[in-house]
Amino acid sequence: MRSGPDLTVRIIERPGVWMDDAQLEHLSADLRAVASRTLDAGSLTYGVFSGDAQRMKQVIITLVSRSNGTPIAFNALAIMELDTKPNTTEVLHLGLVMVDPDERSKNLSWVLYGLTCFLIFFRRQFRPVWISNVTQVPAVVGMVSQMFSGVWPRPDGGRRTLNHLLLGRQIMAQHRDVFGVGPEAGFDEDRFVITDAYTGGSDDLKKTWDAAPKHRDARYNDFCAQQLDYDRGDDVIQLGQMDLAAMRGYLRREVPKSAVIGLLLTGGLVALQRVVLPALYWADSRRQWETLRPYDEAQK
């Protein structure tokens, strides 16, 4: 979809499943191009920058490019499958977000943080979608707290449910590599703070307090200053949901009015693909429809 007159947004789901090696390398090169404009020095050693097909099977990449194809921003959202009872739970990790410094005035946060979750929420027939976020940036802590429902932790305390605790434990036990946290990093379950977090490949993302972008609401800045040790390199891990309440707030507060119609049309196409068309196909008993009606016509 388009974002404004000169930007294109492409959402690439599980590219490791369907892209060949050349396509994966081209995609990774686009991500590295954005990173080279974002990081002061060094290079990241984990995740989507490698172009590894196995890694790319569990990511959804939101890539923003200029009309000439030059990439300017991306979000590499990871799909984590947690071993919960009675069924496994999928958690969408908001992952690594980078924006070309020259493009940070274009209000891309609604695209990079909420768009993919919004469309997946549509595709899952409006069933709540769990999201996670690991960061030390006050601006991101505030944005996630405001964009999603039931987020914990956040400055006003909120409510840590048993689901928050169990999912947090599973993520820290099985999926540290998703956000570049080494096995030696600690996890404070009471505060949901990861201590000494920058030792597992994400070292170049570590920020000082002065360098970490601040939120316009001072509550989030104060929260991070009190909870995190920036000299040591701490992160907060947040868990929340995209649900109907979050969707309404997302459309009302985050999405520019000029983009609402295009976003709803895109969501409508997703719903058509996942909900309406299967219902129409099922109503036509004269034809076989793959998994919806997998019988052989000759056996009728």
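Cysteine 117 is buried in this predicted model, because its relative accessibility is 1%, under the 20% cut-off. Cysteine 224 is buried as well, since its relative accessible area is 0%. No disulfides were found. A disulfide is a covalent bond between the sulfur atoms of two cysteines.

Burial was then examined along the whole chain. The chain has 300 residues, and 48% of them count as buried. Its accessible surface is about 15000 Å². Carbon and sulfur atoms account for 51% of that surface.

The fold comprises nine helices and 10 strands. Many contacts span long stretches of sequence. Among contacts between residues at least 6 apart in sequence, 67% join residues at least 24 apart.

The largest nonpolar core holds 41 residues. Val64, Phe118, Phe148, Met242, Tyr250 and Leu263 touch the most other members. Helix H4 (residues 109-123) gives the most to this core, with 11 residues. Apart from this core lies another, of 38 residues. Its members include Leu31, Trp130, Ile171 and Leu239.

Valine 64 was examined in turn. Neighbours within four places in sequence were left aside. Valine 64 is then in contact with Leu7, Thr8 and Val9, and with Thr70, Pro71, Ile72 and Ala73. Leu108, Val111 and Leu112 are also among its contacts.

Tyr250, one of the core residues named above, is a buried residue of helix H8 (residues 244-254). The other buried residues of H8 are Ala246, Met247, Gly249, Leu251 and Glu254. At the start of H8, a side-chain oxygen of aspartate 243 lies within 3.3 Å of the backbone nitrogen of alanine 245.

How values were computed: Residues numbered from 1 in each chain as written. Predicted model: local features only at pLDDT ≥ 70, side-chain atom pairs only at ≥ 80, totals over all residues. Heavy atoms only, no water. Disulfide = S-S within 2.5 Å. Buried < 20%, exposed > 50% of the residue type's maximum accessible area, 1.4 Å probe, protein only. Helix = DSSP H or I, 4+ residues; strand = E, 2+ residues; numbered from the N terminus. Polar contact = N/O pair within 3.5 Å; in protein donor to acceptor, adjacent residues only side chain to side chain. Core = buried A, V, L, I, M, F, W, Y, C linked by side-chain atoms within 4.5 Å. Contact = heavy atoms within 4.5 Å. Areas by Shrake-Rupley, 256 points an atom, 1.4 Å probe, with all protein chains shown as cover.
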